[in-house]
2 protein chains.
Amino acid sequence: STMERSASRQSRKKVVAVVGGGLVGALNACFFAKRGFDVELFESREDIRRAKIVKGRSINLALSHRGRQALKHVGLEEKIVAQGIPMHARMIHSLDGKQSPIPYGRKGQYILSVDRANLNKELLTAAETYPNTKMNFDHKLQDWNAETGLMTFVRLDGSKEQVKADLIVGCDGAFSAVRKQFLRRSRFDYSQTYIPHGYMELTMPPINGEFAMKPNYLHIWPRNTFMMIALPNLDKTFTCTLFMPFEDFEKITTGDEVIEFFQKYFPDTIPLIGADTLQRDYFRLPAQAMVSVKCNPYHIGDTCVLMGDAAHAVVPFYGQGMNAGFEDCIVFDEIMDQFNEDFRAVLPEYTRVRVPDDHAIADLAMYNYIEMRAHVNSKWFIFRKYVDNILHFFMPKTIIPLYTMVTFTRTRYHEAVKRWHWQNKIRLLVLGSVLNCLIWPVLAASALIDSWTAGIFTASLVN
Amino acid sequence: STMERSASRQSRKKVVAVVGGGLVGALNACFFAKRGFDVELFESREDIRRAKIVKGRSINLALSHRGRQALKHVGLEEKIVAQGIPMHARMIHSLDGKQSPIPYGRKGQYILSVDRANLNKELLTAAETYPNTKMNFDHKLQDWNAETGLMTFVRLDGSKEQVKADLIVGCDGAFSAVRKQFLRRSRFDYSQTYIPHGYMELTMPPINGEFAMKPNYLHIWPRNTFMMIALPNLDKTFTCTLFMPFEDFEKITTGDEVIEFFQKYFPDTIPLIGADTLQRDYFRLPAQAMVSVKCNPYHIGDTCVLMGDAAHAVVPFYGQGMNAGFEDCIVFDEIMDQFNEDFRAVLPEYTRVRVPDDHAIADLAMYNYIEMRAHVNSKWFIFRKYVDNILHFFMPKTIIPLYTMVTFTRTRYHEAVKRWHWQNKIRLLVLGSVLNCLIWPVLAASALIDSWTAGIFTASLVN
């Protein structure tokens, strides 16, 4: 049977249809092409390398270890890193304009601000260099059949095209058309949760040809119910993203109200963005919604698998959306090795392995949605980061901050969460024993003064 | 403007389209007809009153206070209650055949076992008696437009029909076609969660023309990872429902294995069901899936609202699925009074009021999914029920068991849950003080023996 299988594999190269030419789709095309499959990539929009205006989605993204590992696998890491801007720390802007950095990890550890459109273009170009890859733009998936693998695409001119594949890889984002077929089947768990916040992007231009703020930081203005962040771009601008409940966005309806609002909460940014730009950019686009999507399983039989946002859209507050999607490609690739490219075994194993990790990062992103806005500027948050860093320094293999595990390692997300809970207990124990060291001398002193009391105390403590 | 509104209302009766002719749809048609709307009910299947075989869904259901209140509103309570069988207590069957009753509430409080098909027929007939109601069977909703209220139905002969309504009420169950339009819109929260268990219905025939077991109980065989329940029917049969993980259902493939399985876990039921019937019925239908559905909001603009399973399918372990759906109708009706039938105000208010309650009962049902299988036969469960009943006896207005609030009152579900958490703390306090009463004499005695020790103890307790 092994012979039969390998014989049939040699007789015809299997066709893998990657649906979606965004970041994860384009990268996945490289992964499958590298394995020798006949790869067909289908993207509903036109080729963004030829498009004049690229609609929607955030302008820049934080690339970290998991994403880099995936890029490395297809030989793109160095190139992409060279086009990114390192961010070594968060830079917290308080209301009075004071700026305080909180490092992301140890010295030398950083995340990268990368341009989404540029990265997407590089990945498409890389995919195209494989001779066994065919790119199909202006192909919108209309319907597909899970039993036969037959897909129907519609084009802008109204024409339809039918394509059959051995494996359909759904990388078509949070509102995946591939996933719709999953939803029609029984025993498919699915959830989509919108948060009450929307986001809006504003541009901070260069000042005298230089960055308006220190470039190697992810700037944060935490303001409890809302917040703003800013990431640097290669053209020396910053892209500021304002996160705020939709109802608060709706309250601001005039240019004067925009300025009033920024004057109250982000006064240091008005001279940097410029009052005119601010008033114009604020009304350019309405605030955009953010959704968290979870589902299970990720596959149907041996014909279809979901990856990236199609499988697990996360809110953007841990900077792991793209990184998790890129890691999906590595994990799938590792399982392909393990099971000799037998889709019947690979697909269920991918679901089994990857679902708990993706659900964990979705939950963490939701947790950080609160933490980033509300706790980042509290003394308790800074104290905990401080204690964690001290513990990490003395016990580098035992105590690893959660952010470090998530951002600078490939520790499985769900294991990072487990370990984090465990470490929180350890930290409490350590804090307890530190407090103990402070209390004991006091107790000892009172014992010297009143010796019979000390005897009882010891007895009660021992019991 | 009030004059204008009432003038326009008089000029034309508004059309309410109720999509779905199941329990909640048929009842809702009565509610809207009673208010004087032009009601059109659409059901995809043929009229079950004329059908020979009624497919799918459970055979009988537990009707309790909330459902009865809704039936009362349309004058059907007495009739339906007369056709139901009162169940005063759970009857727990242990492995050795021992039966122990656990009452549902105080003396005189009971839930009713009612026949789903019969109840549905009665409700359809009741809806039809209103001259302003039109029934449309064999009308399957294909698509509808949230802006215009235009719906397209397909019929078995392939013909299509378009109908426009002022309000579309989606009562078309857990896999609602109306809800699909909601899923296409932004900021709609949705989750569907399948549990690992399936269910299978088995019939326990009468013995010598009489019920094979005591009829006025809901019989339960809790077996940790799985369980069986049995509800009485008017024809003196019991409908037994076996709940078990799908993988366990799949392990049983022959008649002998069925008998072996029942011999091991439900030995007392084999002579009652009959080995032959058991072997036949087990393979009649595959085990059915159970899904929990939550969503938010329940409405779109002033044109559409979801009720019943379409808005909140729950797992069947609290016996509240139908009751919650029926209560939806009362809640909506109450809000219609409050806002003078102005859909623009009624629909958002309905979402605001009802979502937290439906989510609470969905969570409770999921909680009971574990409790019924695993805890019902534990000493701790029985002890807690016992303590609750004692507390309820002495403080009938302060301590009300959760089951009582859910089943025998119209306390809002989410308030019942809140109160339950609060009561659990009270119970702990009471238990603590009872323990305290037992401990103090011991302490006092040791104090008498060693008086100086007692002084210190008191000091440390006071501090």
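Two exercises on the interfaces of a predicted model follow, each with a worked solution.

Local features require pLDDT of at least 70 and side-chain atom pairs pLDDT 80 or more, whereas totals for chains, interfaces and linings use all residues. Residues are numbered from 1 along each chain, chains are lettered from A in the order in which they are written, and side-chain values use heavy atoms.

**Exercise 1.** Determine how many residues chain B and chain A each bring to their contact, and which strand supplies the largest share on the side of chain B.

*Solution.*
1. Chain B and chain A each contribute 16 residues, where contact means heavy atoms within 4.5 Å.
2. The two chains bury about 1,500 Å² between them, 55% of it on carbon and sulfur atoms; buried area is the accessible area (1.4 Å probe) lost on being put together, summed over both parts.
3. The count of salt bridges between chain B and chain A is 0, a salt bridge being a Lys or Arg side-chain nitrogen within 4 Å of an Asp or Glu carboxyl oxygen.
4. On the side of chain B, strand E13 (189-204) and helix H17 (451-462) each supply at least two residues (DSSP runs of at least two residues for strands and at least four for helices, numbered from the N terminus).
5. The largest share, 7 residues, comes from E13(B).

**Exercise 2.** Identify the side chain that meets Asp357(A) in a salt bridge.

*Solution.*
1. Chain A is assigned domain 1 (2-363) and domain 2 (379-444), with bounds from an automatic or database assignment.
2. Between these domains of chain A there are 3 salt bridges.
3. Arg412(A) meets Asp357(A) in a salt bridge at 2.6 Å, N to O.
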